[in-house]
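Please read the following note with the sequence and the structure side by side. The points are numbered so that each can be checked in turn.

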Amino acid sequence: PVATLASASWDGSVKIWDAETGRCVREIKMDNGMACVQPMPGGDIVTGTAGVAVQGPDGHSLIGHELRVWRDGPEPAVVATTHTSSLRSLALLQREPPMPPLLVSASNDGTVRVWGPDYEPLAAVELGDMVIGVEPCGVGRWVCVTEGGCAVMGNAEGEIVARTFVKGMWTACPAPGGEVVVGGEDRIVRTLTPQAHRWLESTVVADIERQTRQESTDGGRS
């Protein structure tokens, strides 16, 4: 099979690229801005749309923020409107064989949702803050970051496994051994780990944070 890449754009298009030649082999055009795309193992292309704001009698409202599943035709085969605001991120959640992988979505509505093999809603986690992104984190687990600076790890059943707060956190990336690497506006990259022998003393963490703040202040003055 040909290796492909998928990209989504605010111009309302999703493009599938031949990874070897760099040639666009498929384009899906829609009527509102895109936010995210996730190819599925069976060949489906799943998109999450940001939607568009419209003026109504009661003020502005958001329409078109949907999860859409594309197959061979020009129209989506599945449309889900469960999220109540813009979708921000999609991820593929691997499970133990022979169970098929699941889809995970994150939204400005403050939820992470898990979808079944036929894109039926399986579970939802209410986080109470806009979810910036979600990533797979080992078998059966996902990790996300909220706008308020929470890194949350959950599972396919919609249970929160772990939660931590880092002020100004904007991104999280899974690492080997169940660890998660996070980064944010304080210019510090942190590795969060369940392995107690790798934990830093609180005084060491405080020194790193204090030094980084000082370097940022000095840099702003120069």
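1. Strands 18, 19 and 20 form an open sheet, in the order 18-19-20, with antiparallel pairing; strands here are DSSP runs of E with at least two residues, numbered from the N terminus, and two of them pair if DSSP finds at least two bridges between them. Strand 18 (169–175) and strand 20 (189–192) stand at the edges with a single partner strand each, so one side of each has no neighbour in the sheet. Direction ignored, neighbouring strands of this sheet are turned by 25° against each other on average, the axes being lines fitted to C-alpha atoms.

2. This is a predicted model, in which local features need pLDDT of at least 70 and side-chain atom pairs count only at pLDDT 80 or more, whereas totals for chains, interfaces and linings use all residues. Residues are numbered from 1 along each chain as its sequence is written, and side-chain values use heavy atoms, with hydrogens and water left out.

3. Strand 19 (residues 179–184) and strand 20 run antiparallel and are joined by four bridges, and V182 stands opposite R190 in strand 20. In the loop between these strands, 19 and 20, lies R187, whose phi is near 70°, a positive value in a residue other than glycine. R187 is exposed, with a relative accessible area of 56%; exposed means over 50%, buried under 20%, and partly exposed in between, with a 1.4 Å probe and protein chains only.

4. The largest nonpolar core has 17 residues, and V112, L127, V134, W142 and C144 have the most contacts inside it. Such a core is a set of buried Ala, Val, Leu, Ile, Met, Phe, Trp, Tyr and Cys residues joined through side-chain atoms within 4.5 Å. Strand 11 gives the most to this core, with three residues. Leaving out residues up to four places away in sequence, L127 touches G110, V112, C144, T146, V152, I160 and R163, where contact means heavy atoms within 4.5 Å.

5. Another core, of 12 residues, lies apart from the largest one and includes M40, A80, L87 and Y119. Y119 is found in the loop between strand 12 and strand 13, and is buried, with a relative accessible area of 7%. Its phi is near 65°, which is positive although Y119 is a residue other than glycine.

6. The peptide bond from P97 to P98 is cis, with omega near 10°, and P98 is found in the loop between strand 10 and strand 11. For comparison, most peptide bonds are trans, and most residues other than glycine have a negative phi.

How values were computed: Axes fitted to C-alpha atoms, helices over the stretch in contact; angles between N-to-C directions.
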